[in-house]
Amino acid sequence: MSKIFDKSLNFVLDHEGRIFENVDGDPGGATMDGITWRDYNAYRKEHGLPIRDLHQMTAAEMGAVYTEHYWRPMHCDDLPFPVAITLFDSAVNVGSGRVVIWLQQVIGVTPDGGFGPVTLGAVKGYVKIHGAEALARSVLARRADYYSLIGAPGKKLNKFLKGWLNRVADLKKFAGL
């Protein structure tokens with residue numbers, strides 16, 4: 001993979017954790033290196049492999065899951081660094097479909113959650129006119145708003161709000177925003 005992927009993956013792992021975790025109340029459930037059992041075994045099924053316990057995931061499989069389920073679907077190799085890391089980290093944390101809808105809302109295409117050639121072309125056009133930093137900041141603003149909504153006081157995910165917003169702030173610094 002590219003140096004940008006490696007740099008981006010390190011950011012994600014620094015925030016997701018490089019260990020097995022099962023945080024009480026986390027809707028994603030248990031994770032290993034930030035990857036859920038469901039995501040890991042979806043990857044294994046896609047490759048004709050049997051279902052396995054999350055503790056058995058290898059480093060190579062971990063990298064492949066991040067590449068195949070997040071990096072490539074978000075077209076990160078085709079995008080400038082601030083946009084690539086923003087989309088990648090956001091997809092890992094809140095899901096690709098939601099992030100693509102935010103992206104499509106910013107760039108002015110029909111928000112259908114699918115990242116195809118129309119969306120990619122619109123992203124490149126937006127970046128050409130407004131800059132990669134502006135696009136990344138706009139997506140991150142939607143991400144922060146989403147966290148504030150689902151983590152509002154009195155909501156069951158409130159205990160995660162501060163950490164989520166800190167992650168957005170760290171991502172802004174990391175991406176030079």
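**Notebook: loops and helix packing**

I looked up H75 and noted that this residue is partly exposed, with a relative accessible area of 21% (buried is under 20%, exposed over 50%, and partly exposed lies in between, with a 1.4 Å probe and protein chains only). The model is predicted, so I kept in mind that local features need pLDDT of at least 70, that side-chain atom pairs count only at pLDDT 80 or more, and that totals for chains, interfaces and linings use all residues. Residues are numbered from 1 along each chain as its sequence is written, and side-chain values use heavy atoms, with hydrogens and water left out.

**Positive phi**

I placed H75 in the loop between α3 (59-71) and α4 (81-94) (helices are DSSP runs of H or I with at least four residues, strands are runs of E with at least two, and both are numbered from the N terminus). Its phi is near 55°, a positive value in a residue other than glycine. Most residues other than glycine have a negative phi.

I then turned to D33, which has a positive phi of about 55° although it is not a glycine. D33 sits in the loop between β2 (31-32) and β3 (35-36). Is D33 buried or exposed? I noted D33 as buried, because its relative accessible area is 15%.

**Loop between β1 and β2**

I found both D26 and A30 in the loop that runs from β1 (20-21) to β2. D26 is partly exposed at a relative accessible area of 32%, and its C-alpha atom is separated by 9.8 Å from that of K159, although the two are 133 residues apart along the chain.

For A30 I listed the contacts (heavy atoms within 4.5 Å), and, not counting residues up to four places away in sequence, A30 touches F20, E21, N22, I35, T36, W37 and L54. Of A30 and L54 I also recorded that their C-alpha atoms are separated by 8.6 Å, with their positions 24 residues apart along the chain.

**α4 against α8**

I looked up how α4 meets helix α8 (residues 158-174), and their axes come within 10 Å and cross at roughly 160° (axes are lines fitted to C-alpha atoms over the stretch in contact, with angles from 0 to 180 degrees between N-to-C directions). That makes α4 roughly antiparallel to α8 (angles over 145 degrees count as such, those under 35 as roughly parallel, 65 to 115 as roughly perpendicular, and the rest as oblique). The crossing is right-handed (the near helix is turned clockwise from the far one by less than a right angle).

From α4, the residues F81, I85, T86, D89, V92 and N93 meet W164, R167, L171 and F174 of α8. By class I noted six nonpolar, two polar and two charged residues in this contact of α4 with α8 (Ala, Val, Leu, Ile, Met, Phe, Trp, Tyr, Cys and Pro are nonpolar, Asp, Glu, Lys and Arg charged, and the others, Gly among them, polar).

**α7 and its partners**

I went on to helix α5 (residues 96-107) and helix α7 (residues 132-150), which pack at an angle of about 125° with their axes 9 Å apart. That makes α5 oblique to α7, and α5 passes α7 in a right-handed crossing. Which residues of α5 and α7 meet? I listed R98, W102, L103, Q105, V106 and I107 in α5, and L135, S138, V139, R142, R143 and Y146 in α7. The residues of this contact divide into seven nonpolar, two polar and three charged.

Within α5 I followed Q105, which counts as partly exposed because its relative accessibility is 41%. Leaving aside neighbours within four places in sequence, Q105 is in contact with P111 and R142. A polar contact of 3.4 Å joins the side chains of Q105 and R142 (a pair of N or O atoms within 3.5 Å; within protein, one must be able to donate a hydrogen and the other to accept it, and residues adjacent in sequence count only if both atoms are side-chain atoms).

Helix α6 (residues 117-130) also packs with α7, at an angle of about 115° and with axes 7 Å apart. I noted that V123, Y126, V127 and H130 of α6 and A132, A134, L135 and S138 of α7 make this contact, with six nonpolar, two polar and no charged residues. K124, in α6, is partly exposed, with a relative accessible area of 43%.
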